[in-house]
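Colleague: Could you walk me through how the helices and rings fit together in this one? I'd like to follow the reasoning as we go.

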Amino acid sequence: MACAAVGTLASAHGDVTPQSVDTSSLPQLGADWRPENPYRAHEDAIKIGSSAYNQNCARCHGLEAISGGIAPDLRKLDNDCSNVKIAAKKAACVKEIDDYYATSVRRGKTRNGAVYMPPFEGILSQEAVWSIKAYLETRREKTAVN
């Protein structure tokens with residue numbers, strides 16, 4: 001019965017065909033992937049990222065990046081960096097999370113032969129991937145400061 005419930009949840013997400021993202025209004029980034037999000041706090045990128053997220057990510061990661069439990073809650077993606085006090089360490093943490101995010105989106109996630117997230121490299125442009133990250137940063141879940 002549990003397997004049937006999981007199967008129902010997965011099929012409830014519907015068609016998972018990636019949708020194209022129009023990033024023509026953004027500064028173009030070129031062929032080489034950036035190590036950090038160049039669109040952080042970029043207003044147009046956030047708007048594009050919101051739409052791109054809803055079209056390509058929300059069916060698994062949840063509307064407005066609030067996970068329903070099927071996939072990780074992306075509001076918590078960079079929580080480890082939020083309480084770092086030393087600027088250089090915080091910058092290094094953010095860069096590491098950006099790299100993890102971009103690599104995960106580009107290559108997808110597979111475990112024991114099962115695809116948990118499809119690879120989006122060649123489907124979403126670098127501009128689209130980073131605009132989604134810019135949007136996610138606006139949805140960040142605040143962590144308590146100790």
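**Rings and helices around α6**

Modeller: Sure, starting with the rings: this is a predicted model, and the structure holds two aromatic pairs.

Colleague: Take Tyr53 and Tyr135: are their rings stacked, edge-to-face or tilted?

Modeller: The ring centres of Tyr53 and Tyr135 sit 5.5 Å apart, and the planes make an angle of 45°. Under 30 degrees would count as stacked and over 60 as edge-to-face. An angle of 45° falls into neither class, so this pair is tilted.

Colleague: How many residues apart are Tyr53 and Tyr135 along the chain?

Modeller: Tyr53 belongs to helix α2 (residues 43–56), while Tyr135 belongs to helix α6. The pair links distant parts of the chain, and the separation is 82 residues.

Colleague: Is Tyr53 buried or exposed?

Modeller: The cut-off for buried is under 20% relative accessible area. Tyr135, its partner, is at 6% and so is buried. Tyr53 has 0% relative accessibility, so Tyr53 counts as buried.

Colleague: And the pair of Tyr101 and Trp130: which helices does it link?

Modeller: This pair is tilted too, at 6.1 Å centre to centre with 40° between the planes. Its two residues are 29 apart in the chain, and the helices are α5 for Tyr101 and α6 for Trp130.

Colleague: What is the relative accessible area of Trp130?

Modeller: Tyr101 counts as buried at 6% relative accessibility. Trp130 is buried as well, and its value is 0%.

Colleague: Now the helices themselves. Are α2 and α6 roughly parallel or roughly perpendicular?

Modeller: The axes of α2 and α6 are 7 Å apart and make an angle of about 95°. The range from 65 to 115 degrees counts as roughly perpendicular. So α2 and α6 are roughly perpendicular.

Colleague: How many charged residues are in the contact of α2 with α6?

Modeller: On the α2 side the contact includes Ala45, Ile48 and Tyr53, and on the α6 side Ile132, Tyr135 and Leu136 are among them. The split is nine nonpolar and four polar, and the charged count is none.

Colleague: What about α5 and α6: what is the handedness of their crossing?

Modeller: Helix α5 (residues 87–107) and helix α6 (residues 126–138) pack at about 130°, with axes 11 Å apart. That angle makes them oblique to each other. Their crossing is right-handed.

Colleague: How many charged residues does the contact of α5 with α6 have?

Modeller: Asp98, Tyr101, Ala102 and Val105 in α5 meet a set in α6 that includes Trp130, Lys133 and Glu137. The contact has seven nonpolar residues and no polar ones, and the charged count is three.

How values were computed:
Residues numbered from 1 in each chain as written. Predicted model: local features only at pLDDT ≥ 70, side-chain atom pairs only at ≥ 80, totals over all residues. Heavy atoms only, no water. Axes fitted to C-alpha atoms, helices over the stretch in contact; angles between N-to-C directions. Helix = DSSP H or I, 4+ residues; strand = E, 2+ residues; numbered from the N terminus. Parallel < 35°, antiparallel > 145°, perpendicular 65-115°, else oblique. Left-handed = near helix turned anticlockwise from the far one by under 90°. Contact = heavy atoms within 4.5 Å. Nonpolar A, V, L, I, M, F, W, Y, C, P; charged D, E, K, R; others polar. Phe/Tyr/Trp six-rings, centres within 6.5 Å; stacked < 30°, edge-to-face > 60°. Buried < 20%, exposed > 50% of the residue type's maximum accessible area, 1.4 Å probe, protein only.
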